[in-house]
Amino acid sequence: MQPQSIAIIGAGTAGLATAALLAQQGHAITLIERAPALEPVGAGLLLQPAGLSVLHRMGLYQAMYRYGAHIDALVGHTCSGRAIMNSHYRPLGEQAHGLGIHRASLCHVLDSHLQTLPHQRRMGCTVSAVDAQAHQTLVTLEEKQRTDVLTFDAVLIANGSHSQLRPSDWTRYDRLYPWGAMWAMLPMAAPFDVPLLQQRYHRASTMAGILPTGSRPDQPETPLASFFWSLPVTEIAQWQQPDFAASPFEKWRGALHTFWPQLDEVLTPLTRAQQLTPATYRDVIMSKWGDNRLGVIGDAAHAMSPQLGQGANMALLDAWALGDAMQQSDNWHQVWTHYHQHRGPQIRFYQRMSRWLTPAFQSHSRVVATGRDLLLPVLNHLPWMRLQMAKTIAGLKTGLLR
Ligand SMILES: Cc1cc2nc3c(=O)[nH]c(=O)nc-3n(C[C@H](O)[C@H](O)[C@H](O)COP(=O)(O)OP(=O)(O)OC[C@H]3O[C@@H](n4cnc5c(N)ncnc54)[C@H](O)[C@@H]3O)c2cc1C
């Protein structure tokens, strides 16, 4: 395709990876981000083999691996010690693995690569509107007290799950999940310094997890663990009240000790509710992700619950598919035809799976939790199912049997 001027809105995983891939092809990229600088915000993400293969192809795998924590499996037990989840990457090959990584390190490696390529960036600018026309696309930018309207050949919306910019007439479904999480980043401690994402459950209403996360770029010597605690969104506000102080927090710590005593050491630095950060998730289904001079990628296009750990992977796969589509096409119509063919089945499969699976881990349903506790251990013993589960977690599936 002839070089195009393209605005990419949002400097997260999707925006940074796409900017780098398209800048490399000679397109004139302008990256627009509302944060004044790429700060070390966020917690741990699990990069799956599918996402890691994109990093391999971009030549960034080694750089990412230096910051990350090698993960061999996802394991989950009930508080009585019964194994419910036991999903290893090994059935996919001796070398197959995931990588626990801090969001800041992921963005840092992508951004360092992008900095080596010609592009422009507008930091501290919030896009308030996008207007796609037949021959150009207009972007309205708010910077401090100023409003600017910029013109590009095309615009890619990559501004995350809570995007207000995705076209409403392409959005079939957009709702907040009723459950979210409180999370904290903590220095790694035994017994979690092992290559496992570990979870513990009581029914589906109580869940905690620990992911080895490697280190942040500004503190490369300190290995970290991401701790998360699942809870209904309606309870998040009360955690943030200034008076959610000593007493309820101490009570929660006491209950956590009974629920998962091995957490005590890693949670030692956690002394106040305010050290935990809330996270909410959306479930977004779109009828299409691109048309003519406008596209939507990453969480903005297909936000899902983090139960299958696919957010960053899907963003990297979107970036790669779009780069590939641009290289193989002569015009935007062909780009989106190619993109939909390649991304459609996989995005739809993972959206469906995360929508089906999430209530088994985050809900008040005892029936669903009992079904999970009976079914998953049996499935873990069937080699074919173990392989399908490994492929699903790895981000390699495009349908139930594909
Ligand atoms: C602050 C933050 C913390 C996160 N922490 C975690 C975590 O701990 N664990 C996890 O699994 N996932 C986390 N995520 C989500 C995770 O990064 C994504 O699922 C995944 O990386 C896909 O990324 P994305 O690029 O589609 O969206 P995101 O990573 O959400 O990036 C979107 C970017 O767009 C910018 N933006 C938003 N609106 C505008 C606007 N109007 N104009 C300009 N810029 C805008 C945002 O500032 C952000 O940088 C976090 C996301 C953010 C933004």
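The following legends describe close-up views of a predicted model.

**View 1. The shell of residues around the ligand.** The ligand is surrounded by 29 residues, of which Gly10, Gly12, Gly160, Gly298 and Gly311 come nearest. By character, the shell comprises 15 nonpolar, 10 polar and four charged residues. At least two shell residues come from each of the following elements: helix H1 (13-24), strand S2 (28-33), strand S9 (126-132), helix H7 (299-302) and helix H8 (311-328).

**View 2. The largest nonpolar core.** In soluble globular proteins, nonpolar side chains tend to be buried together. In this model, the largest nonpolar core contains 113 residues, and Val155, Ile297 and Ala319 have the most contacts inside it. Helix H8 gives the most to this core, contributing 11 residues. Apart from residues up to four places away in sequence, Ala319 touches Ala14, Ala17, Thr18, Leu21, Val54 and Ile297.

**View 3. An open sheet of six strands.** Strands of a sheet pair through backbone hydrogen bonds, either parallel or antiparallel. Here the strand order is S8-S2-S1-S12-S21-S20, and the pairing is mixed. Strand S8 (120-123) and strand S20 (290-291) form the edges, each pairing on one side only. Strand S20 runs antiparallel to strand S21 (residues 294-296), and two bridges join them. Gly290 has Gly295 of S21 as its bridge partner. Helix H1 packs on the sheet, where it touches strand S1 (5-9), S2 and strand S12 (154-157). The direction of H1 makes about 165° with that of S2.

**View 4. Helix H2 and the residue that follows it.** Helix H2 (residues 49-58) is largely enclosed by the rest of the structure, because seven of its 10 residues are buried. The buried residues of H2 are Pro49, Ala50, Gly51, Leu52, Val54, Leu55 and Met58. Just after H2, Gly59 takes a positive phi of about 75°.

**View 5. Ser329 and its surroundings.** Ser329 is located in the loop between helix H8 and helix H9 (332-361). Ser329 counts as partly exposed because it has 16 C-beta neighbours inside 10 Å, whereas a buried residue has 20 or more and an exposed residue 12 or fewer. Although 328 residues separate Ser329 from Met1 in sequence, their C-alpha atoms are 5.7 Å apart in space. Setting aside neighbours within four places in sequence, Ser329 is in contact with Met1, Gln334, Val335 and His338.

Terms used
Residues are numbered from 1 along each chain as its sequence is written. This is a predicted model: local features need pLDDT of at least 70, side-chain atom pairs count only at pLDDT 80 or more; totals for chains, interfaces and linings use all residues. A residue is near a molecule or strand if its C-beta atom, placed from the backbone, lies within 6 Å of it. Helices (H or I, at least four residues) and strands (E, at least two) are DSSP runs, numbered from the N terminus. Ala, Val, Leu, Ile, Met, Phe, Trp, Tyr, Cys and Pro count as nonpolar, Asp, Glu, Lys and Arg as charged, and the others, Gly among them, as polar. A nonpolar core is a set of buried Ala, Val, Leu, Ile, Met, Phe, Trp, Tyr and Cys residues joined through C-beta atoms within 7 Å. A residue is buried if 20 or more other C-beta atoms lie within 10 Å of its own, exposed if 12 or fewer, and partly exposed in between; C-beta atoms are placed from the backbone. Two residues are in contact if their C-beta atoms, placed from the backbone, lie within 7 Å. Two strands pair if DSSP finds at least two bridges between them. Axes are lines fitted to C-alpha atoms, for helices over the stretch in contact, and angles run from 0 to 180 degrees between N-to-C directions.
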